Amino acid sequence: MSCYWMTLLKTHPLDRQRDAHFQNLLSISLENFIMSRLHDLVFQMVCNKHNEDDAQILGLVKELASAGVTADQLGAPEDFAIPLPAAVVELASLDSLNCPVDKLSCLRTTLDLILAELKGAIVDAHSVLSKDSQMPTLMTDDLIPLLVTVIIQAKPLHMASNLYYMENFQWTLSPSDATSFSLVTFKAAIQELLTLKPKELRPRSEKVRRELRLEDLMKVTVEVGQRFERSGERREEIPISPLDRQMERITAMIEASTQDLNDETLHLTEDVDQNKHVTG
């Protein structure tokens with residue numbers, strides 16, 4: 001890599017050769033090209049080396065996913081235990097990437113999406129309250145349980161192998177780089193994951209629901225209704241969290257769907273009655 005880096009650099013004008021940013025981009029591009037060609041060979045060897053670790057992590061992840069573990073059971077505040085679908089989809093693509101730098105970028109994007117989705121939910125919940133209300137704060141300690149939840153839902157096949165591959169076959173990014181820091185965060189999350197025992201987890205909060213049964217829906221609808229006056233205005237004395245806001249959205253969607261179904265049924269009934277009248 002060093003040999004070809006110098007050869008390629010000399011083909012460019014002097015001002016570009018002296019540009020540190022261009023030198024870094026050239027290093028990353030060269031590493032990506034070489035490692036993409038070697039990926040199938042090297043990554044297979046890494047997977048063979050860490051096969052037992054991969055199987056242990058995947059087995060635990062599947063067990064936790066089957067148990068319906070939520071972020072609040074792992075230590076996150078219950079108000080932050082909201083779905084993070086964009087982060088889950090991003091992490092699920094990790095095994096399909098070839099270059100270590102691309103895999104590291106996937107980790108960083110996953111973390112960015114967790115923060116973005118959560119901050120968006122916090123701002124959305126705060127937007128319906130008075131200006132004097134205090135916005136909830138996301139602490140650094142809250143990130144690990146949220147990340148563990150995303151890992152459980154994404155179910156990566158070769159998590160241990162990927163971490164080893166990114167740590168040992170990537171040379172162009174500085175350890176202080178934000179993308180490199182993502183690797184440290186994921187390693188901490190995996191260490192936390194491996195300490196979990198499904199039967200010893202704390203009970204799930206009553207506010208957090210993975211699915212809504214009819215009884216749950218009726219209860220949530222009543223709770224949501226209590227936050228509003230008869231005029232439709234929100235009661236400011238009742239605090240609202242991102243999780244509460246999500247439940248409001250779900251009940252509104254169900255009510256809208258039910259109304260559409262009622263309208264369609266009524267329309268079909270009118271058509272049937274009209275046809276009977278014509279036939280008579």
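Student: What classes do the residues lining the second largest pocket divide into?
Tutor: This is a predicted model, and in it that lining has six nonpolar, three polar and three charged residues.

Student: What makes three of those lining residues charged?
Tutor: Look at who's there: Asp-53, Glu-167 and Lys-187 are among the lining residues. Asp, Glu and Lys count as charged, so these give you the three.

Student: Which helices supply at least two residues each of that lining?
Tutor: Helix 4 (51-66), helix 8 (159-168) and helix 9 (178-194) do. The pocket itself holds about 200 Å³ of space.

Student: Now the helix pairs. Why is helix 1 called oblique to helix 3?
Tutor: Helix 1 (residues 2-9) and helix 3 (residues 20-49) pack at about 130°, with axes 10 Å apart. That angle isn't over 145, and it isn't in the 65 to 115 range or under 35 either, so helix 1 is oblique to helix 3. Their crossing is right-handed.

Student: Which residues meet there?
Tutor: From helix 1, Tyr-4, Trp-5, Leu-8 and Leu-9 meet Phe-22, Gln-23, Leu-26, Ser-27 and Leu-30 of helix 3. By class, that's seven nonpolar, two polar and no charged residues.

Student: And what makes helix 5 oblique to helix 7?
Tutor: Helix 5 (residues 85-92) and helix 7 (residues 143-154) cross at roughly 60°, and their axes come within 9 Å. Since 60 is neither under 35 nor in the 65 to 115 range, nor over 145, helix 5 is oblique to helix 7.

Student: Which residue makes one of that contact polar?
Tutor: Gln-153 of helix 7 is in the contact, and Gln isn't on the nonpolar or charged list, so Gln-153 is the one polar residue beside seven nonpolar ones.

How values were computed
Residues numbered from 1 in each chain as written. Predicted model: local features only at pLDDT ≥ 70, side-chain atom pairs only at ≥ 80, totals over all residues. Heavy atoms only, no water. Axes fitted to C-alpha atoms, helices over the stretch in contact; angles between N-to-C directions. Helix = DSSP H or I, 4+ residues; strand = E, 2+ residues; numbered from the N terminus. Left-handed = near helix turned anticlockwise from the far one by under 90°. Contact = heavy atoms within 4.5 Å. 1 Å grid on protein atoms, 1.4 Å probe; cavity = no way out; pocket = protein on both sides within 12 Å on 5 of 7 lines; lining within 4 Å. Points joined across faces, edges and corners; volume = space filled by probe spheres on them.
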